[in-house]
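Work through the exercises below with the sequence and the model side by side, and try each task before reading its solution.

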Amino acid sequence: MTRGRLITLEGGEGAGKSTQIRALDSALSTHGIAVTTTREPGGTPHAETIRGLLLNSEPGTFDGMTQALLHYAARREHLRQTILPALEEGGWVLSDRFSDSTMAYQGYGAGLGRDLIEALHTIAIGTFKPDLTVILDLSSERSQVRLDTRAEDRNAYELLDQAFHDRVRAGFLDIARREPDRCIVVDATLPEAAVTAAIFEAIEDKLGLP
Ligand SMILES: Nc1ncnc2c1ncn2[C@@H]1O[C@H](COP(=O)(O)OP(=O)(O)OP(=O)(O)O)[C@@H](O)[C@H]1O
Ligand SMILES: [Mg+2]
């Protein structure tokens, strides 16, 4: 049995991660691939409980370090219980956010720095990395416009100021610059179908289809 692939979708609030996960799920399923879609923080019942702690808290409840520890506790569970079993069965996993979000939000946004997040990554999940990471790039201004048109209440991260979100965006772009083999950056202002096509091309190019 060939091991499956993990593709992660990253980017700021409202960049189109959930929209693109749905489109890719259907495109890859058409190619006969068994797809599992999942999200972070979350992806197992206990990790979803940690998600609730992180996203439903008032901003400032946890400092960046506590957030990073909670994200990695949830990620370790997600990896062990959901992602690795699916990959071992040959399935492909599409995750709405993964470790690059902790690097971007806590490492760059909250200012913990790259070294600390890399060390935490190694402690929690070793050398594991996604096979392909898609960074949907959107300015904080455009992100705000998309959030304003949405009905739901804002979560703890969505309530943070524009300067924080500018650091997160710059962080994602820096991650992509440092790991060009694993990461692609897609302009999230393109029409939905054009974003999907760009991602699909990268999948064929970098991973190949079975
Ligand atoms: N390429 C696009 N062009 C214009 N609007 C888009 C595009 N992709 C998604 N949208 C719209 O932007 C909003 C946010 O999209 P979506 O929920 O997929 O983003 P997200 O990255 O999952 O957001 P969140 O971080 O809040 O989960 C939705 O209203 C969606 O319809
Ligand atoms: Mg979403």
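**Exercise 1.** Which residues point one way from E4, which point the other way, and are they buried or exposed?

*Solution.* This is a predicted model, in which local features need pLDDT of at least 70 and side-chain atom pairs count only at pLDDT 80 or more, while totals for chains, interfaces and linings use all residues. Residues are numbered from 1 along each chain as its sequence is written, chains are lettered from A and ligands numbered from 1 in the order in which they are written, and side-chain values use heavy atoms, without hydrogens and water. Begin with strand E4, residues 132–137 (strands are DSSP runs of at least two residues, helices H or I runs of at least four, numbered from the N terminus). Leu132, Val134 and Leu136 point one way, Thr133, Ile135 and Asp137 point the other way, and all are buried, that is, under 20% relative accessible area with a 1.4 Å probe and protein chains only.

**Exercise 2.** Find the strands that pair with E4.

*Solution.* Strands pair if DSSP finds at least two bridges between them. Strand E1 (residues 6–11) pairs with E4 in the parallel sense over five bridges, and Thr8 stands opposite Thr133. Strand E5 (residues 183–187) also runs parallel to E4, joined by five bridges, with Ile135 opposite Val185.

**Exercise 3.** Describe the polar contacts of ligand 1 with Thr19 and Glu158.

*Solution.* A polar contact with the ligand is a pair of N or O atoms within 3.5 Å. An N or O atom in the side chain of Thr19 is 2.4 Å from an oxygen atom of ligand 1, and a polar side-chain atom of Glu158 lies 3.4 Å from a ligand oxygen atom.

Technical notes:
A polar contact is a pair of N or O atoms within 3.5 Å; within protein, one must be able to donate a hydrogen and the other to accept it, and residues adjacent in sequence count only if both atoms are side-chain atoms. Buried means under 20% relative accessible area, exposed over 50%, partly exposed in between (1.4 Å probe, protein chains only).
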